[in-house]
Structure formats: structure tokens, C-alpha cells
There are 2 protein chains.
Amino acid sequence: MKVSKFGGTSVANAEQIKKVAAIVKADPTRKFVVVSAPGKRFDADKKVTDLLIELANAALHTENVEEKLQNVVNRYREIAEGLGLDQTICDVIEKDLRTRTLENKSNVELFVDNIKASGEDNNAKLISTYFTSIGMPAQYVNPKTAGLVVNDLPERAQALPEAYDNLSTLRNSSEIIVFPGFFGYTKDGVLRTFERGGSDITGSIVAAAVQAELYENFTDVDSVFCANPRVVNSPAEIEEITYREMRELSYAGFSVFHDEALMPVYKSGIPVCIKNTNNPSAPGTKIVAERKANRRPVTGISADNGFSILYVSKYLMNREIGFGRKLLQILEEEHISYEHTPSGLDDISVIMRSHQLTPEKEVRIIDRVLNELHAEDVHFRHEFSMIVVVGEGMNNSTGLAARAATAISRTGANIEMINQGSSEVSLAFGVHRSNEDKILRELYSEFFAPVTVG
Amino acid sequence: MKVSKFGGTSVANAEQIKKVAAIVKADPTRKFVVVSAPGKRFDADKKVTDLLIELANAALHTENVEEKLQNVVNRYREIAEGLGLDQTICDVIEKDLRTRTLENKSNVELFVDNIKASGEDNNAKLISTYFTSIGMPAQYVNPKTAGLVVNDLPERAQALPEAYDNLSTLRNSSEIIVFPGFFGYTKDGVLRTFERGGSDITGSIVAAAVQAELYENFTDVDSVFCANPRVVNSPAEIEEITYREMRELSYAGFSVFHDEALMPVYKSGIPVCIKNTNNPSAPGTKIVAERKANRRPVTGISADNGFSILYVSKYLMNREIGFGRKLLQILEEEHISYEHTPSGLDDISVIMRSHQLTPEKEVRIIDRVLNELHAEDVHFRHEFSMIVVVGEGMNNSTGLAARAATAISRTGANIEMINQGSSEVSLAFGVHRSNEDKILRELYSEFFAPVTVG
């Protein structure tokens, strides 16, 4: 039994939804279909979710509500017509939207969430209607009825443990289940949406709940590339990757899969396959718990910028029990999370995402470290990039760090930081932002396109 | 004006003390002589300090006191005779020792300290008498009279700020000052000894107090080697090294200089010269605040073993603000200091000295990390070595990490950890204990004896 999730571009119009039907039909084990809201049909297009945000804002300010509502309904109308469905489903959708705009507006966030979530919800209704109309008996399932319960505000929405028990009963359906992504309900029946990438999260929860053999994630690329194709020319495609590798890559620049979304399937050990709705015969990229070692020690290389370094030094620092802990406590009190903390005997650096800093915060942190920890030198440096070389088992690969460092030195760039030793699957380099792209290209050519020496 | 400290082997017998006199005489700016107790004259010999510990134990158990006391006095008697001094000084020493054995024994630690410290104290009396006898007017100065005040128990002894003011008046002496190393007095007049290497500490304090132009540390080696001569064959000698480099090297295997001893001169910016009493014309090794860059990016390579790694992993760890801080807090509560904390996205390793661990502590730490931090995997690994490549400015040296990692990979050994990015003077590798020596040799040959490729 498979759970197949289709992203926004896969359900953007009638033509795409026909592809979805063909994909589901082609494999009778595809019993669960999780859908996003209709996405962009072309680059300049608006997603239905964006139209819904406009509608929600209009409703909050009681202006142009009807126009904005029709913009949304028209998208579904066009899809329904393209799929040969009659007006009934569009009337259902229009009525549903109208009801939502009249809901209680005292909590703006919940009001907007409720309207946004209609994008997935109504698309699920439409697609199940279409499936049934072409002889594929399907059933729309509402997350409230199915018991996808989430926690209350103010924490961000996450499925409660009982949600998995509730959803597991869906296994017994004889029809194809069409389930809307992106949202659940609190125990009090209040709709709450997941973070961005929320339909991936729903698919992952459903897959874990029904103990699927595979969680298929249909999108618009054939597979995950082993390096950013905007920097590296035609990078290789990844056939198989472990959860751990995927997670390390997602750290920097690999946005195919929202890493929190992997959690439920990761915990249940259910493999994931990323596939292309527009080219379903391509094998795609499979995410698994364990994989066989292959020829290449490196699975992928990611790069991301926007990092800052806090440098602290003090003579005999390493004799002071608690120094590092106190430093991290100061950062915690400033609500700053950090990435790495390389250290010497008398100095420690803390690497963090720059967006968490402001000039005022920097001054405050420097003052506290000087006054409370009696450090001798404290300063921030900015404009750093992290480059992460990822591969299962690379911690046992003699010479891999040497190859990576040598490749970087060929670019003439300086390595500001190396972090190896904890993760069994990654080796991280800190470099100056200006060197990021050339280093990524050089590392790619070192590990994926070895030059034959004549 | 120079402060010259002579270690135990430099003052072990009459012949050595004559060398000391010649060295002091050769340079009229050598106005302050800090001395250790007489050390070993040959490998199987006992240091006077060891004889004094035997005497203290005998006095505590009131047995063989006279025999143990004569063992000590005889060492001084032999020296005095060899230097052509009459009995007077030996009578002074014998009387002093006898008084000490009769002191209050209610605090065993202080009683033993008082007897141990007589080794340096009486040697200073003897050496000043000898200097004067050969026409070098000298004055023994007692640390209590001079005001070398230290803090009270239970903290380990450290000079108080006013000690520097008190000692600064010694500048005005027209005679050579002979000062005993190793101890000071609390404000209540109680004698307390410094940690091991304590005469180095006294010399450093005196040098800082009198604002010496140089602190000379006479020992029995021509200079500091750039790698351990017991592992590397005839390693190169270091001519000049910065405090920071010396400190990083002292971390692992470089025991020439006790690193806490450097603190007073480091703070005052006074250079240190390590010289050989048996070969005073050799230039020695100079420790300075800053040095000119030379041809070699690496100044020294040190290696030490006895490290353990605590490995902790948890999916989405890097999303949890405070995870690292809480982990360090658990270790702090177990009184464990750590060396490095390399981290991946979902894992962190803590590298620490193994001697701090017991099987019970390990179980307790693992339990707490599992239960309080909800980690998925927590375990200890042992038998690691740290190899530290040290050189001022190496953080700006493109390709240096690559050269080091490549050299290690040539040995076929795996690199368990790399830490670069905070210290501007060091690059640390964690390796398995069994690979330590061969890696040290390979790194030495990479950076100090480059092979010409034909």
C-alpha cells in the first residue's frame, strides 16, 4: 500500500490532474492520494493559496470580497470544466468558501488559516469527484472526520500521537482515499495549518499512520540533484539516499523536501520516493533508512550562505569548567540558535545564521561576554558560507577530508572552518561568501566528475 | 634586567651550581636568580624534593626522622663541600629542617608543604652564600619577607595582585637576588606551594613584578623541539615561538613549560627564553608575544592520547535552541571539562580527557542525556589521540589543512575529527590511539622535512 502526495504544480490544472489519475490508476497499491492546492500553471501565475490569502485579507477589511472569492472559484471552475465535471462540485466549493469568509475574525491567524486551508480541502473534494467520474472509486476524507488532531496555539501545529491511531483506520477503505494536505484540527475542532511544505507533512503523517510500504512524493523534477543546478552545470541525479543524508543536505540549499516532513516516515522506517508527475517512468530519488554502499563516497554537496561567526578568546580558557556552557547560555537568552562551535585551547567560535543578529544584539552579546566571562577578545565576523559534503559512511573513508580540502585549496580560497567528527555522514567547511560558488564547483568535479590524469 | 630561573638538574650538585655562577657572572643584567631544589644527578638518583617527602612522612609517623633528615642534609653538605663553603651553611640548613619537622601537624597538607618547600628555600640560601664567596655579592630573599602573598586554602595557591607590588621593590637591590621557587605565604603567614612546575611560576611572577626585560628559564635541553623526539627522529629546534603557539603545543605532549607559569609574563608581555645550563651559548628557544613570519607555516606538532568521545544524536537536533547548552550542563554537573564539540545537524560529539570518566559516570551521563534531552543515540568511545598542528597565522594559509589531511591519509589512518576555525594558531585532528605515532611522523615530514619529488 502506497501513499502518494501530489504537489501544487502536479494539480495546477485539468491536464495535470489527468496525469495524476493516470499515475494512480497505473498502480493499484496507490490507495492514498494526498493533494496540495492548485499551484502555478506558468511562471507569472498565482497559486490558489496566494489567491486565498488575498481573499482572507479582503474579508478582514470587508472590501472586494466577492471579486477575490470569484478569482478562487474560477480556478476550480476551469479545472472542473477541463475534467468534464458538472457544476455541482463548483457550487460546493463556492458555498464552502463563502461560509469561511463569514467565520469569526477575532483571531486573525486562525481566520486566515481556515481560508488558506480551503485550497487543499476543496481540491481534494474536486479530485475525488473526478476519480469517481472516470471509474476510479474514490472518497474525499476530511482531516477532522479522520481525526488528524494537532496541538493548540501558541505552539506551531504538530500532529498529536493519537492522530496516527485515528488515521490508521483509513486502511480499511475499499475506495481510493483523497486527503487534503496542509492542515489538521485541534481537539476543540479549530483548524490549524502546518508550516510551509505542509502538504508534505500531511502525506508523511498519513503514510506513517497507515504503515504504507512507500511514501511517494510527486513533484515537477525527475529526481534530487547532488548539487545545486544553478551553480553546477548538469549535476548528477541521486538514485538512492538515506534519511540522514537528505537531512544534512537539506541544511544548505536543498529545498526539495521540508526536513520536518520526513520525521513521521523516518520514525516508522517507511521509504520515500521523490518522483516527477510529468515523467512518472523516471525512477526518481528514493529516501531510505539504509542503503548499500556504492562506488561514490559522496552522495551530495550543498552550500548555503548568510552565516556569522562570534569569536571569543581568553588565556587558559580550557581550564575553566563551564566557560562554553555559559557562552551558549548568553546566546540562548538572546534567542539565538547556533550551528557549530569549533574551539582551540584558549578560544571558541560560534557559527550562527546571520539573520538572527542585529547591531544592538551584537553589542549586547559582546558586552556580556566581556563582562561576565572576562574574555580578552570578542568580536563578530560576517558573510560566511557553509559547504557540506554528505555521504553515508564517509567518516570511515580514509583520505576523503584530504581530497575535499585539497579541492578547496585548488580554488585559492582559504578554509575558515572545518567541522568533522560528529556526523557520520557529513563534513562541513566554513568559507567566505565570495568563494562559495567556485568551491562548490571544484568539490563537485572532485567527487562526481573525476578528471582522468593522462 | 633579567630574571633567570634554574631548574632542578641545573642546581643538582656543586659542578652544576658552578655553571650557574658562570652564567650569572657572564651577564651583569642577570640580577634575579630563582632556584629549584637540587634535582637528580643521575637517572636513578632521588631529587631532594623526594627526600623531603620521605622526611615529612617519617615526621608524621615519628619514625626514622633523624635518618631521613640526614639524607637531606647530606645532599647539601656534599654540594657545600664541592663549592668550598664551610660548615656554617649546612648548620643553618640542618637547624631549619629540624624546626620544620617540629611544626604543627594538624593540617597534614600544610605540614608537608612546609617541609617540601625547604628544598628550594635552603638551596637559595646555599647558592647566595656561594655567589658571595666567589666575589658575586648576592642576597637570599625569603618570599615571606619579600611579600609573595598567595590566597588561602582550599583554592590552589595563586599569587595575589599585591604580591606584584611587594616584589617590585626588589628592583632596588644592588646585589644579586637569589629567590627560592615553588612557594609563597598567605596573608596569615602560612606557607603554601604552587602546583608542579612551581619554580617556573615563581620565576614568572618575579619577572612580571620587577618588569624584567627577559625571563630566562634554564633547564637541561638546548631548546624546545618542534615535535616529540621520542617519536620523531631528531626533530628540528624551535628558535622563536609565540605565547599562543607555546600554549597550544603544551596541550599535548610538550611538557617543557607549565602553561600556567606563562600567565604572569604573558600578561606583562615579557619574553621568555628557554636555555640550557649545560650549553649556555646555544641560543635556546624564545617565547614572545609576536614574531615575524618565517618560511614555515607550522611551528610545532604535538600529540597526546587518553581522549574519549561522547556521541549524541537526535533527529532535528539543530532546531532545538539550548540542546548543546543542556548537554554541556550535564557534563559540568559531573565535573567534566571538555576539549572540543564538533557537531552535525542532528548530532554532536564531546571530546574529553578519559581520566575524568568512570564506568558509573558514563552510565549516569548516558541515562541523563537519554531521559532529559530525549536523544536517540548516546554512547562513549575511547582510546583517541589528539594531534595539534600549531603555527601563527596558519588560519590564513591556503592549503595547509589540505596538506595536513593528505599527509594523514598517506598513513592509511582514518581522521575521526577535524577542528579548525577558532584558534588562529592551531588545527586539531582526532585519530585513533593506535595511529598516533605514525601520523605524527608523517605530519613532521610533511611540514619540516619536505621530500623533493624527482
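Modeller: Two strands count as paired when DSSP finds at least two bridges between them. Keep that in mind, and also that we're looking at a predicted model.

Biologist: Okay, in what sense do strand 17 of chain A and strand 17 of chain B pair?
Modeller: With a threshold of at least two bridges, this couple makes the cut, since there are 3 bridges between residues 417-420 of chain B and strand 17 of chain A. One of the partners is Ile418(A), matched with Gln420(B). The sense of the pairing is antiparallel.

Biologist: Which residue of strand 18 of chain A is the bridge partner of Ile418(A)?
Modeller: Strand 17 of chain A also pairs with strand 18 (residues 426-432) of chain A, antiparallel and over 3 bridges. Within strand 18, the partner of Ile418(A) is Phe429(A).

Biologist: Which strands stand at the edges of the sheet that holds strand 17 of both chains?
Modeller: Read the order across: 14(A)-15(A)-13(A)-16(A)-18(A)-17(A), then 17(B)-18(B)-16(B)-13(B)-15(B)-14(B), an open sheet of 12 strands with antiparallel pairing. Each end strand has a single partner, so one side of each lacks a neighbour in the sheet. From one strand to the next, the twist averages 35 degrees. The edge strands are strand 14 of chain A and strand 14 (338-340) of chain B.

Biologist: At about what angle does helix 15 of chain A run to strand 13 of chain A?
Modeller: Two helices of chain A lie across strands of this sheet. Helix 13 (residues 359-373) crosses strand 13 and strand 16, at about 110 degrees to strand 16. Helix 15 (residues 436-448) lies across strand 13, strand 16 and strand 18 of chain A, and its angle to strand 13 is about 130 degrees.

Biologist: How much area do chain A and chain B bury between them?
Modeller: The contact is made by 62 residues of chain A and 62 residues of chain B. On the chain A side, these split into 22 nonpolar, 26 polar and 14 charged. Carbon and sulfur atoms take 49% of the buried area, which comes to about 5400 Å².

Biologist: Which residue of chain B forms a salt bridge with Arg247(A)?
Modeller: There are 4 salt bridges between the chains, alongside 20 residue pairs in polar contact. Elements giving two or more residues to the chain A side include helix 10 (243-250) and strand 17 (417-420). For Arg247(A), the closest N and O atoms are 2.6 Å apart, inside the 4 Å cut-off. The partner is Asp346(B).

Biologist: And within chain A, how many residues apart in sequence are the parts tied together by Arg98(A) and Glu66(A)?
Modeller: The whole structure has 63 salt bridges. In this one, the N to O distance is 2.8 Å. Arg98(A) belongs to helix 4 (residues 88-101) and Glu66(A) to helix 3 (residues 65-82), so the pair links parts whose separation in sequence is 32 residues.

Biologist: Last one: which strands stand at the edges of the sheet of 8 strands in chain A?
Modeller: The order is 3-4-2-1-7-11-12-10, an open sheet with mixed pairing. Strand 2 (residues 30-35) and strand 4 (residues 176-180), for instance, pair in parallel over 4 bridges, with Phe32(A) partnered by Ile177(A). The end strands have a single partner each, so one side of each goes without a neighbour in the sheet. They are strand 3 (138-140) and strand 10 (240-242) of chain A.

Notes: Residues are numbered from 1 along each chain as its sequence is written. Chains are lettered from A and ligands numbered from 1 in the order in which they are written. This is a predicted model: local features need pLDDT of at least 70, side-chain atom pairs count only at pLDDT 80 or more; totals for chains, interfaces and linings use all residues. Side-chain values use heavy atoms; hydrogens and water are left out. Contact means heavy atoms within 4.5 Å. Buried area is the accessible area (1.4 Å probe) that two parts lose on being put together, summed over both. A salt bridge is a side-chain nitrogen of Lys or Arg within 4 Å of a carboxyl oxygen of Asp or Glu. A polar contact is a pair of N or O atoms within 3.5 Å; within protein, one must be able to donate a hydrogen and the other to accept it, and residues adjacent in sequence count only if both atoms are side-chain atoms. Ala, Val, Leu, Ile, Met, Phe, Trp, Tyr, Cys and Pro count as nonpolar, Asp, Glu, Lys and Arg as charged, and the others, Gly among them, as polar. Axes are lines fitted to C-alpha atoms, for helices over the stretch in contact, and angles run from 0 to 180 degrees between N-to-C directions.
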